Amino acid sequence: MIPPLPHQLLSLPSGFVPRAVQASEPLSQALYLGASPARPQVLDASSLSFNTRLKWFVICFVCGIFFSVLGTGLLWLPGGIKLFAVFYTFGNLAALASTCFLMGPVKQLKKMFETTRLLATIIMLLCFVFTLCAALWWRRKGLAVLFCVLQFLSMTWYSLSYIPYARDAVIKCCSSLLS
């Protein structure tokens, strides 16, 4: 076994126990530093403790809400549409990314693109892009606000998909209000 170089010792994860690389083992598999080849530690939320995951979820989610509210406040400043669009979209992205700390990014992406939430995910991601385009490049204030409203609605519909029967309840409420 070749001893690690000094700069390699600094980047080893805590609890790592060096092991000998088998001659039949592919080098790419041996470089995962003890993680499963199918799921490296970087992409696995379980490599963090529950308290750490929960702390970073709360931090990221609160930052997302803060940036969304800040963006909404900046809307009323002269020429604040650009700042509004950027902060509001960044806030929604941070809130969405916060759940990666709870379940891990790979599982999050898999759940986002399941058939039950595929349409909501696509509309939400398109609204993120179109909000920024409308404010920064097209310079259409009304269109940017419309896309922000659609962002909010699509994120709400997406979030409701995680609560059993929530979408059905919302549809039933809206249909009873409209009848």
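## Phe87 and the aromatic pairs

In this predicted model, Phe87 has a relative accessible area of 22% and is therefore partly exposed, given that the buried class is reserved for values under 20%. A search of the whole structure finds 9 aromatic pairs, and one of these is formed by Phe67 and Phe87, whose rings are stacked with 5.7 Å between the centres and 20° between the planes. Phe67 belongs to helix H3 (residues 50-74) and Phe87 to helix H4 (residues 81-98), so the pair ties together parts of the chain that are 20 residues apart in sequence.

The label of stacked follows from the angle, because planes under 30 degrees apart are counted in that way. Phe67 and Phe87 also belong to one aromatic cluster, which they form together with Phe66 and Phe90.

## Thr89 in helix H4

Thr89 is placed in helix H4, and with a relative accessibility of 2% this residue counts as buried. A polar atom of the Thr89 side chain lies 2.8 Å from the backbone oxygen of Ala85. When residues up to four places away in sequence are left out of the count, Thr89 touches Phe84, Phe128, Thr131, Leu132 and Gln151.

## Trp56 in helix H3

Helix H3, which holds Phe67 of the stacked pair, is also the place of Trp56. Trp56 counts as partly exposed, at a relative accessibility of 43%. Between Trp56 and Thr99 there are 9.3 Å in space, taken from C-alpha to C-alpha, while the two are 43 residues apart in sequence.

## Arg117 over the ring of Tyr162

A further arrangement involves a charged side chain and an aromatic ring: Arg117 lies over the face of Tyr162, at a distance of 3.9 Å from the ring centre.

## Packing of helices H8 and H9

Helix H8 (residues 141-160) packs with helix H9 (residues 166-178) at an angle of about 125°, and the axes of the two helices are 8 Å apart. H8 and H9 are therefore oblique to each other, because the angle falls outside the range of 65 to 115 degrees for roughly perpendicular axes and is not over 145, as roughly antiparallel axes would require.

The residues that meet across this packing are Trp157, Tyr158 and Leu160 on the side of H8, and Ala166, Arg167, Val170 and Ile171 on the side of H9.

Conventions: Residues numbered from 1 in each chain as written. Predicted model: local features only at pLDDT ≥ 70, side-chain atom pairs only at ≥ 80, totals over all residues. Heavy atoms only, no water. Phe/Tyr/Trp six-rings, centres within 6.5 Å; stacked < 30°, edge-to-face > 60°. Helix = DSSP H or I, 4+ residues; strand = E, 2+ residues; numbered from the N terminus. Buried < 20%, exposed > 50% of the residue type's maximum accessible area, 1.4 Å probe, protein only. Lys NZ or Arg CZ within 6 Å of the ring centre and 35° of its normal. Polar contact = N/O pair within 3.5 Å; in protein donor to acceptor, adjacent residues only side chain to side chain. Contact = heavy atoms within 4.5 Å. Axes fitted to C-alpha atoms, helices over the stretch in contact; angles between N-to-C directions. Parallel < 35°, antiparallel > 145°, perpendicular 65-115°, else oblique.
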